[in-house]
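Me: I am new to this structure and should like to learn how its features are read. May we go through them in turn?

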Amino acid sequence: MVEQVSPLGAAYRLGRHGRAEGTPGITLTETRPGSIVQIGAWPGREGSVVAAASAVLGVPLANLPRAGAVSGHRAIFGIGPGLWLASDQVEDLASRLLEAIGAEDGTVTDLSHGRIALRIAGPSAEWVLSKFFAIDFSLSAFPVEAGRATAHHDIFVHIQRTGEDAFDLYVFRSFARSFWIALCHASEETGYEVR
Amino acid sequence: MSPRRAPIGGRIDRSRQIRFTFDGRRFMGHPGDTLASALLANGVKVVGRSFKYHRPRGIFSAGIEEPNALVTVLKDGVREPNIPATAIELFDGLVVESQNRFPSLAFDLGAVSGLAGPLLSAGFYYKTFMGPAVGPLRGTRFWRFCEWFIRRAAGLGKAGYDPDPSRYERMNAFCDVLVVGSGPAGLMAARTAAEAGKRVLLCEQEPALGGSARWSGETIGTRFASDWVTETVAELAEYGDIRILPRTTVWGYYDGNTLAALERVADHKAYAAVGEPRHRHWTIRAGSVVLATGALERPLVFPGNDRPGIMMAGAAERYAVEYGVLPGDRVALFTNNDTAYRAALGLERAGADIVSIVDTRSDISDAARDLARQAGAELISGHAVVATRGLNAIRQISVQPFDATTGKLTGAPRTLDVDSLCVSGGWSPTIHLASQAGAAPRWDARLQAFLPPEPLQKWIGAGAFNGAFTTREAIAGGIAAGAAAAGVATPQEPPPQVESADLDVHPAPVFEIPAAGKAFVDLQHDVTADDIRLAHREGFVSVEHMKRYTTLGMATDQGRTSNVAGLAIMAAARGLSIPQVGTTRFRAPFSPVSLGALAAERHGELKPDRLTPLHDWHLAQGARMYAAGLWQRPMIYPLPGETVEQAYVREARAVRARVGIIDVSTLGKIAVQGPDAAEFLDRVYTNTFSSLPVNRARYGLMLREEGIAFDDGTTWRLGERDFLMTTTTANAGRVMQHLEYYLDTVWPDLRVRVTSVTDQWAGAAVAGPHARQVLERCIQGAALDHASLPPLGIVRGEVAGAPVVVCRLSFSGELAYEVYCGAGHGQFVWEELMAAGEPFGILPYGLEALGTLRIEKGHVTGAEIDGRTGPRDLYLDWMLSKKKPFIGSAMMDRDGLIAKDRLKLVGIVSLDNRPLSGGAHIVEKADPENPRGSIGHVTAACFSPALGKYIALALVQGGRKRHGTRAYISDPVRDRYGPVEIVSHHFVDPEGSRMNG
């Protein structure tokens, strides 16, 4: 199989950047999942789609708005009414979901090349993300595993909280480098490390 | 004697000295100083010249309300004018300049305009510079003639021309309780809300928290008030869910309890830290808000009240207690209320000689009398200051018996020698945010002040903001407000006890002393009490009109020290009470906001670039890039020394003669999926898609509802319920919105999902006579012969392991294929295609060559589908299905769209062998002086290598009826006039034999 080329190019510079003192407030990583898939359910079919997606991914997803589930490298979260984004390290997630979700229940759209996944983690993650998005990132308002669909200026972003101070951001591939540079820029203040 | 630093006292760090420069002179100050306190400590009395009369002015206040001491800060090569010296924190190396003086502060030529003072009264410009009705200077011409001179003489500081290198940032915050102001009320509100477990945000515009408790000299809970502040702030920081933002002004209160704040992150430092912004704009979404913004002292209006050395009494108290700075040695105070007495004691303890306290009232409280005694001041009650003297600083005042009830002066004046006069005319609650939040303030006759309105949004007031001017009330009010904001009962434990003098907070209703001389109401704009009366006499009775006519209350200080007095004088002139005259409502911002902070990352950085998967390859090949919307696309791949035209002609020739390849990844791509997808496409396209077989593509046209052409592109049927729609690059977002709108609101019953997959696919169009051979050399697992892959057929295969989808379609008119693969494989597949094409001389081509090829072929794009053309104008009638309705079908043949004079698509050939330009008009007559009317315009033009001529597409009245006729291009902007022939828009291979062969 041909390997995917990251859209970040030379902008992805490993190591410490920004404020040099102390431990970095932020760790940034391109997680490069093998599959990123959008799942849609027709109105009234959300329950069966959630059940099918949970079974394929092996994670328990609740049929609630903006709910999500994370287990290791597999993750799924709500990005709109009857709409979820799922990711997995393996590359065949879309075909497995297609088998499990019938056309009468919903749709499966492979976005593995169309979106990239960035992980922002560390004690300053909420602070840095708050510079970009008018979203309440506090743990009580945005619990672990939950998802959000939002935008920064012209850039759509889907966000899942994967830990108390960790978030996975899914960004349109063509915008990825611009967004990455902005993310690094905003993280300079707290110091950041690209891993 | 000049103002000076007291030997002890103040909360400055006396162990360290820092340098600063004012008007080129070097001075020393201490950490903790403001520029104003440091200038006073260095004996600088004149810090600016006034707006109109160029009168010398000194430091008047100790906060953002400062009307006089505006300076220009020079930092990082940037001039930032009109900053109050009272709000600048001193740092080592600070450089500032005074403003509005020429040639220098001490000697100002403009001051002669002070001699012509009466000429510059209210409305002077309106009256003087409205020119005569006739003649060379009629109307506003005379004004324009004089404007340059006036602007030079009047005004504030000057901004620089250099770009600002500072960094600005935006931040979003959410909280349960926002507390604005950190005086005793704000601190208690924040602590009570935090104690109740709420998420609290506490904003304080000054560098240090505590408000008046920092300088009041009172005792709170057995400690000095200032120590109580330190301890309370330390306690607050212990709560987990509180954020404290000093140097942060909440400046706007918007709907839905959304507030705007400006944090000055690095203004107080010589250098910002790595990554640190200079200013940070906060958008705060608060559950509830506690407004504890305190009150601002207002001055009294009397002749000569603007002389350097005259200062607000509360400000003088702050300078003495907080900074250990005395405004003078021989100080008099002039007041209509008790608070000035506390200031007198503060000044006396710092070492000043309090000459006298002049009080307009006859009846003085015992507590105030006691303070006067302690300060060693002569109490002159029932008197008013009627004049001041001194050249560049005050040296003498005259006081005269005054009846505060009747407002009349009696008896004879006496003089007092002083070098500082501290004035208090009462206090105005800082109700700006409450006013912004929705309602009109209400007048309180006892406090002689406007109090906040009833809340229309979820806010609660506390402390001096509510007119509760004592610290005891502020603490109790803060606790109650914090509990109410948190939605809990007020805590039972008793509040900390306050020990303070029992002062009478109600001022006498005195705003102006009726003596002869220039008495300033608005110091910043040089508006006098007589100006207001003049405005009244000239008919400006509304307070809003008076403000505009006199400019009272405008500019950077927004009349914080002048609005109420101005209103009172207007009310007196009209014989009405103050509330009958009304008040101006407050608008955002509360205090000046840097535009950089509002723009934040939009400044210079984030208009995001959209990059195709091949972006780095294009750059490596030396492509000249071109911004197409947000996308970066190759315009040409020039050889050294080539012009744009030479490059695109070479690239286009290669496509016609051999084979070329172009990055088409930017085309909008939308997955249309679901059981009703085909039905949906039949409705949104003018032609039919339900009949399209799987693995075939069809060219489609969309109209808007009113029958105008909207977008075109091919849509591929990848499965029974699975379509891939392509749109023009520029229209992708609009088409997506269009589709979502119809699915969400018009046809919610259709089971169709649309998803943007533009970024999922990299696309390469391989075009030219050798295109099939190139593909055959690198694509495995797919038959590419004409029978297996006819025009608009789709096959799937692999390129060295990377899956690809190939569709045979042509934009250039040549044999052409679009090869799509996963975007992450884009560069790999592209390089494989380049290698496979090498034996055929494959050449990458850019947008210019693409445009040339499509003009030659007569394909339309956004230049022709311009929001005005209908499908018949573009000769796309053949795409309009008669068997089904579609969006736009009901309106596309209305009268206006089928009129005879519609502009229709034609081709144009230049007959004088000179270039044509888009936007040029087509006219019928050869004479440039008499061209007759325009019959149309050029939409796209190029040099056609296929024809060896300059050609263009155009929209012309009559369309194909004019084929073969002569016309002229008229392009006055580019000075071009010449003969053209109108021809078919299909310049090259109209039969399509090249692409279909």
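The dialogue below takes up a sheet, a single residue and a pair of domains.

Reply: Please note at the outset that this is a predicted model.

Me: How are the strands of the sheet in chain A ordered, and how do they pair?

Reply: In general, strands of a sheet pair through backbone hydrogen bonds, either parallel or antiparallel. Here, chain A has an open sheet of five strands in the order 4-5-6-3-7, and the pairing is antiparallel. Strand 4 (68-71) and strand 7 (106-110) of chain A form the edges, each pairing on one side only. From one strand to the next, the twist averages 20 degrees.

Me: How many bridges join strand 5 of chain A to strand 6 of chain A?

Reply: Five bridges join these antiparallel strands, residues 74-80 and residues 83-88. Within strand 6 of chain A, A:Ala86 stands opposite A:Ile76.

Me: Which strands does helix 2 of chain A lie across?

Reply: Helix 2 (residues 93-100) lies across strand 3 (35-41), strand 6 and strand 7 of chain A, at about 20 degrees to strand 3.

Me: Is B:Arg57 buried or exposed?

Reply: A residue is buried if 20 or more other C-beta atoms lie within 10 Å of its own. B:Arg57 has 28 such neighbours, and therefore counts as buried. This residue belongs to strand 5 (residues 56-57) of chain B, and its contacts include B:Val46, B:Asp306 and B:Leu523.

Me: How far apart are the C-alpha centres of domain 1 and domain 2 of chain B?

Reply: Those centres lie 29 Å apart. Five residues from domain 1 of chain B and five residues from domain 2 of chain B make up the contact. On the domain 1 side, two residues are nonpolar, one is polar and two are charged.

How values were computed: Residues are numbered from 1 along each chain as its sequence is written. Chains are lettered from A and ligands numbered from 1 in the order in which they are written. This is a predicted model: local features need pLDDT of at least 70, side-chain atom pairs count only at pLDDT 80 or more; totals for chains, interfaces and linings use all residues. Helices (H or I, at least four residues) and strands (E, at least two) are DSSP runs, numbered from the N terminus. A residue is buried if 20 or more other C-beta atoms lie within 10 Å of its own, exposed if 12 or fewer, and partly exposed in between; C-beta atoms are placed from the backbone. Two residues are in contact if their C-beta atoms, placed from the backbone, lie within 7 Å. Domain bounds come from an automatic or database domain assignment. Ala, Val, Leu, Ile, Met, Phe, Trp, Tyr, Cys and Pro count as nonpolar, Asp, Glu, Lys and Arg as charged, and the others, Gly among them, as polar. Two strands pair if DSSP finds at least two bridges between them. Axes are lines fitted to C-alpha atoms, for helices over the stretch in contact, and angles run from 0 to 180 degrees between N-to-C directions. Lists of a residue's contacts leave out its neighbours within four places in sequence.
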